[in-house]
Amino acid sequence: MTRMRREATVRRMLERSPPHVPPELHADAARRGARILRRRTLARRAMWLLLLAVTVAFVVWALTVRPWVEPPSETTPPLTGW
């Protein structure tokens, strides 16, 4: 397609009247947009709540198990009665 032919095609497209939009399209789009925003907000809140629950569970586990403390040695018996 040559440049002149493309320009002519674009000019014909621009000279046409814009297509008619159904009147209920705006209301449908606004309703769909509001629904998407509500879902995103709900998903974001659920993710923060899940993150909080995981953090609390980890802290409780770490305080009860204390993984940073070295377990007592079980290879040698304790020296008592000397």
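How much area does the protein chain expose, and what share of it do carbon and sulfur atoms supply?

1. In this predicted model, the protein chain exposes about 8700 Å², and 66% of that area is supplied by carbon and sulfur atoms. Of the 82 residues in the protein chain, 1% count as buried, where buried means a relative accessible area under 20%.

2. The protein chain holds two helices and zero strands. Its radius of gyration is 34 Å, well over the 12 Å that the globule rule gives for 82 residues, so the protein chain is more spread out than a compact globule. The C-alpha trace, taken along its principal axes, spans about 105 × 40 × 10 Å.

3. Helix α2 covers residues 25-65, and its length can be checked by a short piece of reasoning. Because each residue should add 1.5 Å, the 41 residues of α2 should span 60 Å, and this agrees with the 59 Å that separates its end C-alpha atoms. The residue that follows α2 is Arg66, whose phi is positive, near 50 degrees.

4. Trp61 deserves its own point, and it is found in helix α2. Its relative accessibility is 41%, so Trp61 counts as partly exposed, since that class lies between the limits of 20% for buried and 50% for exposed.

5. Trp61 also belongs to a nonpolar surface patch of about 740 Å², which it makes together with Phe58, Val59, Leu63, Val65, Trp68 and Val69.

Key
Residues numbered from 1 in each chain as written. Predicted model: local features only at pLDDT ≥ 70, side-chain atom pairs only at ≥ 80, totals over all residues. Heavy atoms only, no water. Patch = residues over 30% accessible without salt bridge, like charges linked within 9 Å, V, L, I, M, F, W, Y side chains within 5 Å. Areas by Shrake-Rupley, 256 points an atom, 1.4 Å probe, with all protein chains shown as cover. Salt bridge = Lys/Arg side-chain N within 4 Å of Asp/Glu carboxyl O. Helix = DSSP H or I, 4+ residues; strand = E, 2+ residues; numbered from the N terminus. Buried < 20%, exposed > 50% of the residue type's maximum accessible area, 1.4 Å probe, protein only. Expected span 1.5 Å × (residues − 1). Rg over C-alpha atoms; globule rule 2.2 N^0.38 Å.
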